[in-house]
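Work through the exercises below with the sequence and the coordinates at hand. Each task is followed by a solution that proceeds step by step.

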Amino acid sequence: MASLTRRLADRIEASIRRRAPSGRPPLRIPARRVYILPSGTGALFGVLLLVMLAGATNYGNNLAFSLTFWLAAAALVSMHRAHRNLAGLELAGVRAEPVFAGETAIFDVELASRARPPRRGLYVSGGASETGTAVSAASDRNGYARIAKATHGRGRLVCPRLTISSRYPMGLFRCWSYATPEAHGLVYPAPIDRLGEPTSAGDTGDGHLDRSRRGEALFSGHRRFHSGDSRRRIDWKASARTDELMITEHSETQTPTHWFDYDTLTALAPEARLSQLAYWILAADRRGAVYGLRLPKHTLAPATGPAHRCACLEALALF
Amino acid sequence: MARRRPKPAVSTTSRGERLALTSIVAFIGLPHIGHLPFWVSLATAALLAWNAVRLLLGRPTPPGLVRALLTAAGVGAVLMGFGRINGQTAGVALLMLMLALKLTETVRYRDVVVVLALCCFVLVTQFLFSQSLGMALYLVAGSWLVVAAFVHLHAGDDAPPRAAAAESARLLALAIPVAAALFVLFPRLPGPLWGLPANNDGTARTGLSGTMSPGSIADLARSDAVAFRVRFDGPAPPPAARYWRGPVLWNFDHGTWHTGPGVARTITPPRVDAQGRGVRTDITLAPSHKPWLIALDMPLTTATAHRRTAGGNWVAPHPIDQRVRYIARSALHYTVDAELAPAARRLALALPATGNPRARALAHRWANHDHDARAIVHSALDFFRQGRFRYTLNPPRTSRDNSVDDFLFTTRAGFCEHFAGAFTFLMRAAGVPARVVTGYQGAQRASIGDYWIVRDSDAHAWSEVWLAGAGWVRVDPTAAAAPKRIADGITAAVTDSGDLPYMAGGHDRDAWYHARMLWDAVDAGWNRWFLAYGPALQQRLFAALGIAGFGTAIAVLTGLVVGTLALVSLWLAWHMRAEREADPVVRAWRRIERRLARIGLARHTGETPVGYARRVAATRPALTRQITDLAARYARLRYAANIESAERREFIRRARRFHPRRTGETRAG
């Protein structure tokens, strides 16, 4: 019997989840997909109303009747208000910053609410964020919720099914709806160094920048210091002349490049190779080096900077 | 369904919220100061103040041991003060103390919910003490605060308290139709479910007590509280016929008239033969905590659920603790008990074995002189008429066992209970069956509204004698001694009218009198239409509406509630529709766009207001001035800082007046 009710509950839940609005954001929660049940507070309130009704009847007290009936009516109205608090809510977008495998990914869920009076007391839960995060969505701006999801392997991370709930306005009813936005974040391979410096294994020859040659890069001029530039590149003499921090620039063409090649890492299993490449990419990026990535079906030309780093890591993630 | 549920909205409350909760409890408990012993009010106020100060200073919650000790002390104090912890006043005292104590530990969500629920309960207990219009306003304020607190608790951290207050007002306003339907149609069960507490006498209005001793009616006459209000169906009877029948007293010992328990067993209710058309009255009776249903003499019927006593007055099955409204039919001309049963005759002639020898002697003289009962009655009335009796609220004291002698021969001053009591004594001593009737005499016409007011100051007592062939006949000895009492009211009749309450006098009808009368009209409406609504009136309403019984009533009610809620839901959907823009300026501009779109000039996506206006002006030169002005204003309102609200209003006003028409050529049809 217990297993039967369990199976029935599972069946109902599965059908509810199947019907949850899904697709690319923006997603709108239709009124028919908003579920509502009395909360614990609602049950307590119901008992209170019954006691008040008994008291009013016992004393034939019309003001007591009025209070009881008015609060009961307000509770019924609050049920409709609670339903309206969710119905028509729009999931404007879901974004996630890329993370490395093993880290916790955060999906930023954006809720758009142009309703007046504003929707309040919204909670979004899903994935590992079981307790739900409060969303403040006023009438003139959108609200955001952060949904955490643990990652294990690299690749695309699908946004967990979201539960959007609220107990607004009186807390007597819990209203909720599911949404499965078609959105994903990227999980880069965890950067794990197993081989040490790339020179030791499989460097294709046109070499990595070794420290002795670095200083010999051709000087091409000075430019103003920008935040983010390495302090070591500040040319103090030039700075003294101009009263501004100047840094030396080396012409790009003269900078030797690294090639990180998947096929050369024969000593490692495929996933370990990707982790090794991710490690090298991060290390090179930290040094400001110029590097290229060569994968069996895909080659990224040598370059530098955050955009290049992200492109390389994405290529590894989606390998 | 969902196995993983988010935790309740708020798990802990902020200091400001706890302070607000303390204020709400203080506000809701405030009227109880008048109902509870002083020490309970003081202790509650002290606890609330302590809590507020503690929160203001940022002190932590007092330790559990302190709270437990305080709780025990509260229960102990109530037990010692009242001798019990149940019952109306004791229960309320305990409730208030425990609520104030509970506030010291309201940190978690659940505590706050419990406190708010108890607040609703405290509101209900307020109404047990008073159901005045003022308390109705209190009900509104209290409900609004409690619902606002519930809303704030679930609105999330970013919601301002103002928003909760507005939401609460909106919820309660939308709830009014449903609440009204429930109030009128929800089946009302009569009577107490578990018995009324005994200790509510302290708050009772003193009405007719059911016994009569020297001074008891005069005490009542010092109050101008409204005993009942009455509407006559047709013209009001003449002043001499405005006798309102209350309890009838048969027994006399030690100077006190009363109705012993044996009366109802030995004497059957009277047979009343009405002559002529009766008078139909609609009476709203104030609670008296006595079962008497007062009606114009001689009552024929009141509501069917009630019983007629041996004296011919009507009583309710329970003491009247709430206002009741009933229709009573009365006969002005009647014959009651043309035949007197032997048991009734015995009781109507019974006198104590001793006491009042001079009165007995006087009565025997009359009886020896005249064998006819009518002649004896006349002799007695002549005695009162010629005896230079003084009609006063402050009669001299009389002895307990010879009260009639003292009054008739020594003091010669008294109020109606003296006259009625002495007369009835004389009649019985002379062998004429007689009894005392207590009730009210007179009625004051309301200044506003078609109704009459009978006050405690109109309380009266008179006699009835049984005459062969005529049955029980009303004889008012007070009228013989002070004829003005009946014709002109009590003020003209008593020698010390200064002791009468203000509204009973009413001789100088100044602004205060009229203000009181205006308030009486409001109060009368409140009592008649709201407070008096109960099981009996509901049955009458159901009958008038063709509702067969509670089953049908519940069906109708359910339909009404569901229908109303559907309308509420539709309204909410319309009110909260997503397209609705919060800024009225933007709304006004969108309206302009819609109106232009209707004449084929929809704005392209990405087109700026000014660019749009230029295009509209090029297509429809007639609109140039208006649309250029509107677009410029809109752009300024949207993108400039420090806009005066007058400027916004001006734009909205102009936008509303913008009605572009289709181009000149008129279309057929």
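**Exercise 1.** Determine how helix α5 (residues 109-129) and helix α6 (residues 133-154) of chain B are oriented relative to each other, and which residues make their contact.

Solution. In this predicted model, the first step is to take the angle between the two helices of chain B, which is about 175°, with the axes 11 Å apart. Angles over 145 degrees count as roughly antiparallel, and α5(B) and α6(B) are therefore roughly antiparallel to each other. The next step is to list the contact: α5(B) contributes Val112(B), Leu116(B), Cys119(B), Cys120(B), Leu123(B), Gln126(B) and Phe127(B), while among the residues they meet in α6(B) are Met135(B), Tyr138(B), Gly142(B) and Phe150(B). Sorted by class, the contact of α5(B) with α6(B) holds 13 nonpolar residues, 2 polar residues and no charged residues.

**Exercise 2.** Relate the "transmembrane region" annotation of chain B to the secondary structure of residues 70-100 and of residues 112-129.

Solution. The unreviewed UniProt entry places this feature at several spans of chain B, including 70-100 and 112-129. For residues 70-100 of chain B, the content is 84% helix and 0% strand, with the end C-alpha atoms 11 Å apart. For residues 112-129 of chain B, the content is 100% helix and 0% strand, and here the end C-alpha atoms lie 26 Å apart. A further record from UniProt, also unreviewed, puts "domain: Transglutaminase-like" at residues 408-479 of chain B, a span that is 29% helix and 42% strand.

**Exercise 3.** Describe the side of chain A that touches chain B, by element and by residue class.

Solution. Begin with the counts: 59 residues of chain A and 58 residues of chain B take part in the contact. On the side of chain A, the elements that each supply at least two residues are α1 (2-18), α2 (40-59), α3 (62-86), β7 (122-126), β8 (129-135) and β11 (162-166). The largest share, 18 residues, comes from α3(A). By class, this side of chain A divides into 29 nonpolar, 20 polar and 10 charged residues.

**Exercise 4.** Analyse the packing of helix α6 (residues 270-287) of chain A with helix α7 (residues 306-317) of chain A.

Solution. The angle is about 175° and the axes are 10 Å apart, which makes α6(A) roughly antiparallel to α7(A). Leu274(A), Leu277(A), Ala278(A), Ile281(A) and Asp285(A) of α6(A) form the contact with Arg309(A), Cys312(A), Leu313(A) and Leu316(A) of α7(A). These residues comprise 7 nonpolar, no polar and 2 charged.

**Exercise 5.** Locate the backbone features at Pro169(A), Met298(B), His289(B) and Asn356(B), and state whether His289(B) and Asn356(B) are buried or partly exposed.

Solution. As background, most residues other than glycine have a negative phi, and most peptide bonds are trans. Tyr168(A) and Pro169(A) are joined by a cis peptide bond with omega about 5°, and Pro169(A) sits in the loop between β11 and β12 (173-181) of chain A. Another cis peptide bond, with omega about 0°, joins Asp297(B) and Met298(B); Met298(B) is in the loop between β9 (295-296) and β10 (299-301) of chain B. Turning to phi, His289(B) has a positive value near 60° and lies in the loop between β7 (279-285) and β8 (292-293) of chain B. With 15 other C-beta atoms within 10 Å, His289(B) is partly exposed. Asn356(B), whose phi is near 55°, belongs to the loop between α10 (342-349) and α11 (357-369) of chain B. Asn356(B) has 27 other C-beta atoms within 10 Å and is therefore buried.

Conventions. Residues are numbered from 1 along each chain as its sequence is written. Chains are lettered from A and ligands numbered from 1 in the order in which they are written. This is a predicted model: local features need pLDDT of at least 70, side-chain atom pairs count only at pLDDT 80 or more; totals for chains, interfaces and linings use all residues. UniProt positions are given in the numbering used here, feature names are shortened, and annotations may be inferred rather than shown by experiment. Helices (H or I, at least four residues) and strands (E, at least two) are DSSP runs, numbered from the N terminus. Axes are lines fitted to C-alpha atoms, for helices over the stretch in contact, and angles run from 0 to 180 degrees between N-to-C directions. Angles under 35 degrees count as roughly parallel, over 145 as roughly antiparallel, 65 to 115 as roughly perpendicular and the rest as oblique. Two residues are in contact if their C-beta atoms, placed from the backbone, lie within 7 Å. Ala, Val, Leu, Ile, Met, Phe, Trp, Tyr, Cys and Pro count as nonpolar, Asp, Glu, Lys and Arg as charged, and the others, Gly among them, as polar. A residue is buried if 20 or more other C-beta atoms lie within 10 Å of its own, exposed if 12 or fewer, and partly exposed in between; C-beta atoms are placed from the backbone.
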